[in-house]
Amino acid sequence: MDANKAALLVIDVQDSFLQRDYWDETALPPFRQRMLALIAGARAAGIPVVYVLHEDGDGPFAAASGFVRPMDWLPANPDAIFIKHVHNAMLDSGLQPWLAERGIGKLLVSGIRTEQCCETTTRVASDLGFAVDFVSEATLTFAMRHPLSGKLFSADEIREKTELVLAGRFADIVTVEQALARL
C-alpha cells in the first residue's frame with residue numbers, strides 16, 4: 001500500500017436516512033456543502049471517489065425498500081460503489097481488495113453517521129494499515145439519548161467525542177481544506 005495514493009470514501013450518504021424519525025433536515029445544508037467541496041477537490045486531485053452504501057435487510061436499509069441509493073444531490077458516476085452489510089466498509093463489501101489492487105494506502109473518510117459507520121470504518125482501516133484522514137466536517141450525525149442515564153447528546157457532542165477517540169490513534173482529524181491540501 002502506498003500512503004501517497006488516496007481514495008475518498010463517501011459512506012452511507014443514502015436515501016435510507018431520510019426515512020428515519022431522527023433525520024434532521026436542518027443539518028443537511030452545511031454537510032452537503034462540505035461533502036460537495038470534498039468530492040470536487042478529490043476529483044480535481046485525481047483521486048478515486050468511492051460511494052459505500054449500507055444494506056442490512058431492515059426497513060429503509062433493506063434493498064427491497066428502494067432507499068439504498070445515493071442521495072440525489074451527490075454527483076453521479078463515482079469511481080466505484082460498494083454495498084456493506086456491517087458497520088465498517090472494509091470487511092464485507094469488496095472495498096478492501098479494490099483498494100489493494102490499486103495500491104491505495106490512504107483514505108479520506110466522510111459520510112453519515114459520524115460515530116457509527118464512519119468511525120468504525122476508520123478504526124478498521126487503521127488496523128489494516130491504512131493512513132486515514134477523518135474529514136469530520138464532512139460527516140453527519142444526529143442527537144442521541146443515552147439508554148441508561150437518559151441524557152441527550154447533541155450531534156456536535158457526538159462528533160467531538162468521535163474526534164477525541166480517533167485523533168492520533170486511528171486517524172488525523174482534518175477539515176475539508178486540510179484533507180485536500182494533504183493530497
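Is Arg 69 buried, partly exposed or exposed? Arg 69 counts as partly exposed, because its relative accessibility is 39%. These words have fixed cut-offs: buried means under 20% relative accessible area, exposed means over 50%, and partly exposed is in between, using a 1.4 Å probe and protein chains only.

Before we go on, a word about the model. This is a predicted model, in which local features need pLDDT of at least 70, side-chain atom pairs count only at pLDDT 80 or more, and totals for chains, interfaces and linings use all residues. Residues are numbered from 1 along each chain as its sequence is written, and side-chain values use heavy atoms, with hydrogens and water left out.

## Salt bridges

Let us begin with charged side chains. A salt bridge here is a side-chain nitrogen of Lys or Arg within 4 Å of a carboxyl oxygen of Asp or Glu. Searching the whole structure gives 13 salt bridges. The table shows some of them.

| Acidic residue | Basic residue | N to O distance |
|---|---|---|
| Asp 12 | Lys 84 | 3.0 Å |
| Asp 15 | Arg 69 | 2.6 Å |
| Glu 137 | Arg 34 | 3.4 Å |

To place these residues, you will need the names of helices and strands. Both are DSSP runs numbered from the N terminus: helices are H or I with at least four residues, and strands are E with at least two.

Take the pair Asp 12 and Lys 84, whose closest N and O atoms are 3.0 Å apart. This pair links distant parts of the chain, 72 residues apart: Asp 12 is in the loop between E1 and H1, and Lys 84 is in strand E3 (residues 80-84). Both Asp 12 and Lys 84 are buried.

The side chains of Asp 15 and Arg 69 also form a salt bridge, at 2.6 Å from N to O. Here the partners are 54 residues apart, with Asp 15 in the loop between E1 and H1 and Arg 69 in the loop between strand E2 (49-54) and E3. Asp 15 counts as buried, because its relative accessibility is 9%.

Glu 137 and Arg 34 meet through their side chains at 3.4 Å, N to O. Glu 137 lies in strand E5 (residues 131-140) and Arg 34 in helix H1, so this salt bridge ties together parts that are 103 residues apart in sequence. With a relative accessible area of 29%, Glu 137 is partly exposed, whereas Arg 34 is buried at 17%.

Salt bridges can also join up into a network, as they do for Lys 106, Asp 133, Asp 172 and Arg 182.

## Backbone details

Now look at the backbone. Which residue follows Ile 112 across a cis peptide bond? That residue is Arg 113, and the bond has omega near -20°. Arg 113 lies in the loop between strand E4 (104-112) and helix H3 (114-127).

Asp 12, which you have already met, has a positive phi of about 60° although it is not a glycine. Its relative accessible area is 2%, so Asp 12 counts as buried. Asn 77 is not a glycine either, and has a positive phi of about 65°. Asn 77 sits in the loop between E2 and E3, and with 66% relative accessibility Asn 77 counts as exposed.

## Strands E2 and E3

Two strands pair if DSSP finds at least two bridges between them. E2 and E3 pair in the parallel sense, over 5 bridges. One example is Val 52, whose bridge partner in E3 is Phe 82. Phe 82 belongs to the covered face of E3, together with Ala 80 and Lys 84, while Ile 81 and Ile 83 make up the uncovered face.

## Ser 16 and its neighbours

Where is Ser 16? Ser 16 is in the loop between strand E1 (2-11) and helix H1 (28-45). Its relative accessible area is 0%, so Ser 16 is buried. Ser 16 is in contact (heavy atoms within 4.5 Å) with Pro 60, Phe 61, Phe 67 and Val 68, leaving aside residues up to four places away in sequence.

## Cysteines

Finally, how many disulfides does the whole structure hold? The search finds 0 disulfides, where a disulfide is a pair of cysteine sulfur atoms within 2.5 Å. For Cys 117, the nearest cysteine sulfur is that of Cys 118, 7.1 Å away. Cys 117 is buried, with a relative accessible area of 6%, and Cys 118 is buried at 0% relative accessibility.
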